[in-house]
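Biologist: Hi! Could you walk me through this one?
Modeller: Happy to, let's put it on the screen.

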Amino acid sequence: MGGSEETSGWARSSSASRAAGGGALSGSIGFFRAATGCISGWDQEEEEEEEKEEFVREEKEKLRRLLSSSGGGSGDGGGDVSLREWLDRPGRAVNHLECLHVFRQVVEAVGAAHEQGIVIGNVRPSCFVMSPSNRVSFIESASGSTSSSSSSEGEGTEAQPEGPSSTTQRRDADGGSGENNTFPMKSILLMESNWYSSPEEVDGAPGTFASDVFRLGVLLFELFCTFNTQEEKLTIMADLRYRVLPPQLLLNWPKEASFCLWLLHPQPDTRPKMSEVLHSEFLNQKISFLDESQSVAKLSEEIEDQELLREFLLHLQYRKLEVAHRLHDTVACISADIQEIQEQRSILKKSSYLKLDKDGHSSSSCSKFDQSAQYAVAKMDSSCLGARKRLRSDYKKASENELNNLGSEDPGSVTELQIDQQNLASKSSRLMKNFKKLEAAYFSARCKQSKSTSRPPNKLLPVTSNGTGSAVWTERSSVDDTVLKDRHGGGRKSEWISSFLEDLSKYLSFSKLKVRADLKQGDLLNTMNLVCSIGFDRDKEFFATAGVNKKIKVFECDMILNKDRDIHYPVVEMANKSKLSCICWNSYIKSQISSSDFEGVVQVWDVTRSQSLVEMKEHERRVWSVDFSLADPTKLASGSDDGTVKLWSINKAGSIGTIRTKANVCSVQFHPDSAYSLAVGSADHQVYCYDLRNLRMPSCTLPGHTKTVSYVRYLDASNLVSSSTDNSLKLWSLPTCTTRAVDNILQTFSGHTNNKNFVGLSVYDGYIATGSETNELFVYHKAFPMPVLSYKFSNADPISGQETDDASQFVSCVCWRGQSSTLLAANSSGNIKFLEMV
């Protein structure tokens with residue numbers, strides 16, 4: 001049927017209007033006006049009265065849906081509630097502005113319908129829903145017979161109620177019987193129809209525009225009148241038909257009561273028209289007040305937001321000014337250091353010239369020396385001025401031109417100058433590569449210097465959430481006022497600069513690790529070649545290796561370094577009953593070497609006789625570490641998985657002391673200057689220092705690692721280095737007095753990989769060597785957290801000689817050759833190399 005098709009089409013249009021939000025009402029009214037024009041055209045042509053009536057019914061249905069969609073939501077979802085439930089909720093307090101806001105929305109919806117010549121009929125609370133934002137929407141489905149539009153204002157087309165809304169029916173069905181519900185919807189709906197029926201409708205007359213006005217009066221009454229009980233509501237609502245208002249309404253809301261009586265007048269012609277209601281002083285005055293209140297609230301929110309923004313910007317400005325102040329002090333500090341370095345450099349240049357003249361060098365040699373020095377100075381200045389890349393390029397071009405000019409005069413001197421410039425370029429490249437870390441080390445050293453003369457920290461300085469302060473605070477602490485006052489005074493300042501310069505020179509002194517010799521053992525086909533320990537004898541003429549092959553092998557250094565042989569054989573080889581974990585030479589008795597093994601046995605060997613002198617079996621489990629005392633070469637210490645440290649004397653059969661700990665002991669080492677101090681690395685993540693005159697408790701505890709401490713080594717008399725399977729090395733400053741626990745970490749070194757294996761640890765003149773589970777050797781310097789050098793072991797197949805990449809290989813032990821830049825390193829496949837820093 002044509003009517004049903006148009007209804008279907010309108011359903012799609014209605015969905016679109018809902019999506020469009022608040023603009024749907026005006027758009028749909030425009031649509032209805034067009035439709036009304038069509039109806040007028042049909043009236044003029046006087047064609048098929050039945051089709052006209054059908055069309056009008058369809059348009060009324062469209063309007064009903066329009067009013068429903070204008071609120072932006074349905075009555076059964078999204079937190080919406082019917083206006084009836086909202087009015088009758090227990091303990092509802094009357095909010096004047098809120099009630100007027102609700103009433104005006106209903107009046108505007110009814111007024112829009114009246115402008116199109118439609119009588120709503122269902123202007124009652126159960127036909128409206130309210131959103132959480134107090135937006136009112138019409139939801140009542142309606143259909144009914146149509147009466148012709150009247151030219152008079154008192155008559156019109158009315159949408160008669162067919163019954164309760166679908167939403168209301170669903171809610172009532174879900175809630176069961178009215179008696180069991182918190183809100184008796186069924187009983188209220190039956191009475192609501194009588195409450196909102198105008199006197200003329202009760203007498204049997206059809207509903208008109210005036211009837212809708214009467215219903216608005218009833219709604220206004222319900223909005224401003226509250227009831228304590230259901231019985232009270234029924235009584236007062238019955239009296240309302242006779243325009244009897246309760247005293248509390250007349251007392252609390254006199255203007256609202258007067259307007260309500262005007263809308264409820266029993267004579268339809270006496271009631272106001274919708275245009276009068278919409279433009280009434282009562283409604284517009286209150287709405288203006290509501291708009292003003294909303295505007296004031298909005299302005300208040302904007303003021304609050306602006307105040308918060310202002311507070312944020314002031315705090316930001318304060319913090320940035322603090323940063324600017326710190327940066328100003330930092331720049332002043334750096335400038336002072338640059339000035340002092342330039343003064344020292346001038347003194348060194350003058351001394352160099354004087355020495356050259358004294359030794360009788362030619363002026364041309366001095367000139368060439370001066371040229372080389374000038375280029376070096378230019379290079380250093382370029383780094384300080386911040387235009388490093390451009391000046392490096394200019395310096396390179398200038399160097400090439402100078403080399404070309406010098407080449408025709410003295411080829412030998414050109415070669416030397418070229419080598420010097422290449423070394424300078426290499427050092428500069430490494431410096432720029434690690435610029436950030438070197439910068440941090442510089443300010444850290446500054447901070448240490450300022451501690452002795454530091455002032456209390458500024459309480460206004462911002463501190464990070466972890467309590468450590470910002471990176472800028474590190475700089476700030478290094479440019480203390482006291483330090484700035486001393487920047488021209490030499491003394492402590494010069495000492496600090498000299499110390500940092502010395503560390504930086506050592507960091508930049510070497511560019512790589514060069515293989516001096518590759519030790520090729522005779523048992524290449526033996527799969528058990530893991531080397532666990534390496535050590536040099538007293539005079540550094542021999543070195544020994546030990547590992548899981550149960551053998552101690554002693555090699556002569558010169559034979560390895562100076563002879564190019566396919567296979568190297570040890571000068572002495574001593575067999576043990578179990579796998580060996582550690583060896584240590586006696587620093588006084590050249591031929592003595594101690595060992596520890598996986599069965600818990602500690603032995604002292606005579607290398608010249610190739611036999612064991614002493615065998616000590618007091619440990620119950622594997623012994624990881626053994627060490628001879630440098631101060632008392634007759635004393636020996638060992639650490640074991642049984643949680644004990646045993647002290648031994650080579651002159652006595654049994655142990656001379658026992659230290660009991662709570663965890664496995666992985667490493668022990670005597671203090672270099674004392675036979676009574678011993679450092680212990682433990683599996684409980686701690687480093688312990690013991691005074692051997694009191695074995696019951698440690699003299700100090702060094703916490704900081706997060707996993708097993710595998711090695712401890714004294715860097716010097718006051719500093720200790722520890723290695724852990726948490727991928728880090730730590731440098732500790734030892735306390736000068738006895739204390740239980742200290743957290744005095746000077747430096748944390750990272751870059752190597754160490755999660756589960758023992759990878760070795762050795763120290764020499766501030767350099768720290770360690771292995772890595774990436775089959776690499778790393779060398780650190782005590783002043784900087786990043787590696788100075790590294791070397792990657794190549795895995796060569798023993799049969800074919802081809803290099804392979806085996807992820808399971810790792811560097812297992814390292815050892816410096818005394819006070820030299822040469823060291824030994826071995827990996828888990830038994831590959832041993834002599835390496836030298838060059």
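What follows is a chat about salt bridges, one lysine, a sheet and a surface patch.

Biologist: What should I know before we start?
Modeller: This is a predicted model, where local features need pLDDT of at least 70, side-chain atom pairs count only at pLDDT 80 or more, and totals for chains, interfaces and linings use all residues. Residues are numbered from 1 along each chain as its sequence is written, and side-chain values use heavy atoms, with hydrogens and water left out.

Biologist: How many salt bridges does the structure hold?
Modeller: There are 26 salt bridges, each being a side-chain nitrogen of Lys or Arg within 4 Å of a carboxyl oxygen of Asp or Glu.

Biologist: Which residue forms a salt bridge with Arg538?
Modeller: Asp539 does, with the closest N and O atoms 3.2 Å apart. Asp539 also meets Lys590 in a salt bridge at 3.1 Å, N to O. Asp539 lies in the loop between β7 (531-536) and β8 (542-547), and Lys590 in the loop between β11 (580-585) and β12 (592-597), so this pair ties together parts 51 residues apart in sequence. Helices (H or I, at least four residues) and strands (E, at least two) are DSSP runs, numbered from the N terminus.

Biologist: Is Lys590 buried or exposed?
Modeller: Lys590 is partly exposed, at 23% relative accessible area. Buried means under 20%, exposed over 50%, and partly exposed in between (1.4 Å probe, protein chains only).

Biologist: And where is Lys506 found?
Modeller: Lys506 sits in helix α21 (residues 492-509). Lys506 counts as buried because its relative accessibility is 18%. Leaving aside neighbours within four places in sequence, Lys506 is in contact (heavy atoms within 4.5 Å) with Asp765, Tyr767 and His781.

Biologist: Switching to sheets: what is the order of the four strands in the open one?
Modeller: The order is β23-β24-β25-β26, with antiparallel pairing; two strands pair if DSSP finds at least two bridges between them. The edge strands β23 (709-714) and β26 (745-749) each pair on one side only. Strands β24 (residues 719-724) and β25 (residues 728-733) are joined by six bridges, and Ser724 has Ser728 as its bridge partner in β25.

Biologist: Last one: which residues form the nonpolar patch on the surface?
Modeller: Leu309, Phe312, Leu313 and Leu316 form that patch, with about 370 Å² of accessible area together. Patch members have over 30% relative accessible area and no salt bridge; like charges are joined within 9 Å, and nonpolar side chains (Val, Leu, Ile, Met, Phe, Trp, Tyr) within 5 Å. The areas come from the Shrake-Rupley method with a 1.4 Å probe; for residues, only the protein chains shown count as cover.
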